[in-house]
Amino acid sequence: MPKTKTVPVLPLRDIVVFPDMVAPLFVGRDKSVRALEMIDESENEIMLVAQKDAAIDNPVSGDLHATGTLATILQLLKLPDGTVKVLVEGRSRARLVQLHDRAEYFEAEVEAIPEPEPASSDVQALMRAVQEQFESYVKLNRKIPPEAVTTISQLTDPGRLADQVASNLSVKLSDKQELLEMPEVKDRLEKVFSLMEGEMGMLQMERKIKNRVKRQMEKTQREYYLNEQMKAIQRELGEQGEGSDRDELAELDQKIADTPLSHEARTKAEAEIKKLRQMSPMSAESTVVRNYLDWLLSLPWGKRKDIETDLVKAEQQLDDDHYGLDKVKERILEYLAVQKRTGRLKGPILCLVGPPGVGKTSLGRSIAEATGRDFVRVSLGGVRDESEIRGHRRTYIGSMPGRIIQSLKKTKSGNPLFLLDEIDKMGMDHRGDPASALLEVLDPEQNSTFNDHYLEVDYDLSDVMFVTTANSLNMPQPLLDRMEIIRIAGYTEDEKLEITKRHLVPQVRGDHGLKEDEWIVTDEAIRDLIRYYSREAGVRSLKREVSRLARKAVRELATKDITSLTITSENLAQYAGVRKHRYGLADETDQVGAVTGLAWTEVGGDLLTIEAVKMPGRGAMKVTGNLRDVMKESIQAASSLVRSRSVDLGIKPTVFNTTDIHVHVPDGATPKDGPSAGIAMTTAIVSLLTGVPVNREVAMTGEVSLRGRVLPIGGLKEKLLAALRGGIKTVLIPKENEKDLDEIPDNVKTGMKIIPVSDIQEVLKLALTGPLTPIEWSEEDEARLQASLGGGPGNSGDADAVRTH
């Protein structure tokens, strides 16, 4: 039975006293002071117990922990205010057996808790780890005196070591009370080690934060000190910052007064500079306002260049820069003539549409030189952001005006020529639709009040001449409606010859450092180069071929003992290589079921071969060649037309039920669509079923109806140029396209025979090499055909239907 003793009890608010720990206590509560007075002088012992809640002034038995420390009084001193300062030393752990509330003080029967004997090996290792950890902990925690490390390192009793370390830790009271209540020494050492680990992590984090804050404070103080020094130096030199700011504001005021701003822009500028005066020069907002005023005042308000009104000079300039393109030149000269008479004209919006390499971009520069305007090129290919046109709002960091305003600032004139290149290549995404933003720019009725998001004031673009370029009309309809479309179909062979002689050869000769008498290219060589090496609508590929000849010439002149080199049609292959294209007819002989059609593409016209073959079957129609829906339907219409007129065309109706037809359009990798090959499809099927060959010198284009009418098509000029390049002698076109021949160059019309047709019978008569003889087909023959198909009058049976696979 453990021995108990009765001693006074002293409740503790904010401290846990461990055995062998000396601690000063300030006692102020009446019960606590009375407990000190009731200590037996012979034993000089008191029970120290921590309160569960430090806020309770008058604790009862349930407010005290059951485990505490039995301590002795080393010193007791009464202070003038009634408080007692007492120095106590913990002796051993003790447990409250019975607590008595004596009204004036607490008294309890306590039972000492003996220290257990620890297992040697594990505990010794733990002791060493705790001592080393405590040494590291003291280095981080400056509140613990250094001599505590010496004391701790000399302890050999594990229980005393755990209690001494615990008494020096800055941990919560609940953790210390838990340590006090642990009976096993090993558990105490492990708990102490764990608490030190957590505390060291917190102390290291605190140190990092303090160091970072200290560095920031030092940097701020250093900058402040240097700024003050700089101000003092400026003050001594008479260049105080306030004075320089005043000079800058005065300069801005003078600029605003001198610049012929619009009323709205002047009001805005004066408001911004008033705002700038009230700002600190070091603030970020003042920089934004200064940049805005710089942009606003750097625009060419009221500055216009004199427009060239000499029509003869302008025409000469256009002719010198470009060969052909008469329609475009005519439109430009008309504009200059009207401007010369009226004195002022809102800039027209021209859209040059044509295949690559025909000179659309260079024509824009030539128009600027002919009209005396500054030239600005804005490439719109791949632009997806509306702010590229209208600019960003000033609320964004790094905001700036759109490309229109930026370009006007560079040109420093209010009436330049803007070339909006590749307008059909603009995109659209979540950031907006730039094509819609261009609607205001390209509308003469609206662009006099163009509002950029950055400027926030209207700017007059009505004096600007806009020229746009595109490869196709694949653009939004409202945008197309605002522009005057001028088509540039491509160049004829004669035009390419002249362009090469006048422009390409001299330009390439200069690029390669050749003199005129060192390198000569004959007209025949150029014509062969056009026919066999560069089949295109423009001249870009042709220029590359000419450049290849020049490189070969430079090398020969450098390596061989020659002074000049002449390229002729005879030695062209030696320098240009193997021919890339055939010139002339696709077939050497007239073929059955093979027709030459004409196609339009974005890169110019092209020849389209249509082939048809037949085989025994049940009347199926098969089409191949990467054909799209419209072209497939055109083949169906052609088949139905031939079938409806089979007797007149010399075709037995029974053939359609016993023969499969396969129509193929070569170059299967290229998608093909459109109805303009209708008459070519019809001719191929008729030729196939009648066995009459098609004239190889005839090409054709036109849509066909079920009644045999030839309907109009588009892209006539491009198709005729392709036919001329391919060596075709006769071209059949729809009668309704005859009016478009006025726009076709004379050398195209004289180079081949162009025949307008209105009915499929005319087409067949001109295209086939032999006549078509109608067959006799009586009502009895029709009845026998219906009977063989298993159907009566009005029911032709399933086999009559033309099936398209």
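D57 counts as partly exposed, at 46% relative accessibility, in a model that is predicted. Its side chain meets that of R13 in a salt bridge, with 2.4 Å from N to O. R13 lies in the loop between β1 (4–12) and β2 (22–27), while D57 lies in the loop between β3 (45–50) and β4 (67–78), so the pair ties together parts that are 44 residues apart in sequence. R13, for its part, also counts as partly exposed, at 28% relative accessibility.

## Salt bridges

Side chains of opposite charge can pair when their charged atoms come close. A search of the whole structure finds 39 salt bridges, and a few of them are described here. The side chains of D101 and K31 meet in one such bridge, at 3.0 Å from N to O. This pair links distant parts of the chain, since D101 sits in strand β5 (residues 84–101) and K31 in helix α1 (residues 30–37), 70 residues apart. D101 is partly exposed, with a relative accessible area of 46%, and K31 is partly exposed as well, with a relative accessible area of 27%.

A salt bridge within one helix is formed by R548 and E545, whose closest N and O atoms are 4.0 Å apart. Because R548 and E545 are 3 residues apart in helix α19 (residues 540–559), they are separated by about one helical turn. R548 counts as partly exposed at 27% relative accessibility, whereas E545 is buried, with a relative accessible area of 4%. Elsewhere, salt bridges that share partners join K268, E272, K275, R394 and E456 into one network.

The three pairs described individually are set out below.

| Pair | N to O distance | Relative accessibility of each residue |
|---|---|---|
| R13 and D57 | 2.4 Å | R13 28%, D57 46% |
| D101 and K31 | 3.0 Å | D101 46%, K31 27% |
| R548 and E545 | 4.0 Å | R548 27%, E545 4% |

## Aromatic pairs

A pair of aromatic rings is described by the distance of the centres and the angle of the planes. A search of the whole structure finds 3 aromatic pairs. In one of them, the rings of W301 and Y459 have their centres 4.9 Å apart and their planes at 65°, so this pair is edge-to-face, given that planes over 60 degrees apart are counted in that way. W301 lies in the loop between α9 (284–298) and α10 (311–321) and Y459 lies in strand β11 (residues 458–459), so the contact ties together parts that are 158 residues apart in sequence. Both W301 and Y459 are buried.

F418 and F466 form another aromatic pair, which is tilted, with 5.6 Å from centre to centre and 35° between the planes. Here F418 belongs to strand β9 (residues 417–421) and F466 to strand β12 (residues 465–470), so the pair ties together parts that are 48 residues apart in sequence. F418 counts as buried at 0% relative accessibility, and F466 is likewise buried, with a relative accessible area of 0%.

## A charged patch on the surface

R142, K143, R207 and K210 form a positive surface patch. One of these residues, K210, lies in helix α6 (residues 185–237), where K210 is exposed, with a relative accessible area of 59%.

## Backbone angles and a separated pair

Two residues stand out here for their phi angles. D20, although it is not a glycine, has a positive phi of about 65°. D20 is found in the loop between β1 and β2, which is also the loop that holds R13 of the salt bridge with D57. At 28% relative accessibility, D20 counts as partly exposed. K412 has a phi near 60°, again a positive value in a residue other than glycine, and its place is in the loop between α14 (403–411) and β9. K412 counts as exposed, at 58% relative accessibility.

The last residue to be placed is L350, which is found in strand β7 (residues 349–353). L350 counts as buried, at 1% relative accessibility. From C-alpha to C-alpha, L350 and A437 are 18 Å apart in space, and in sequence they are 87 residues apart.

Terms used: Residues are numbered from 1 along each chain as its sequence is written. This is a predicted model: local features need pLDDT of at least 70, side-chain atom pairs count only at pLDDT 80 or more; totals for chains, interfaces and linings use all residues. Side-chain values use heavy atoms; hydrogens and water are left out. Patches are made of residues with over 30% relative accessible area and no salt bridge: like charges are joined within 9 Å, nonpolar side chains (Val, Leu, Ile, Met, Phe, Trp, Tyr) within 5 Å. Accessible areas come from the Shrake-Rupley method with a 1.4 Å probe; for residues, only the protein chains shown count as cover. Lys and Arg count as positive and Asp and Glu as negative; His and the chain ends are not counted. The place of a charge is taken as NZ of Lys, CZ of Arg, CG of Asp or CD of Glu. Helices (H or I, at least four residues) and strands (E, at least two) are DSSP runs, numbered from the N terminus. Buried means under 20% relative accessible area, exposed over 50%, partly exposed in between (1.4 Å probe, protein chains only). Rings of Phe, Tyr and Trp (its six-membered ring) pair if their centres lie within 6.5 Å; planes under 30 degrees apart count as stacked, over 60 as edge-to-face and the rest as tilted.
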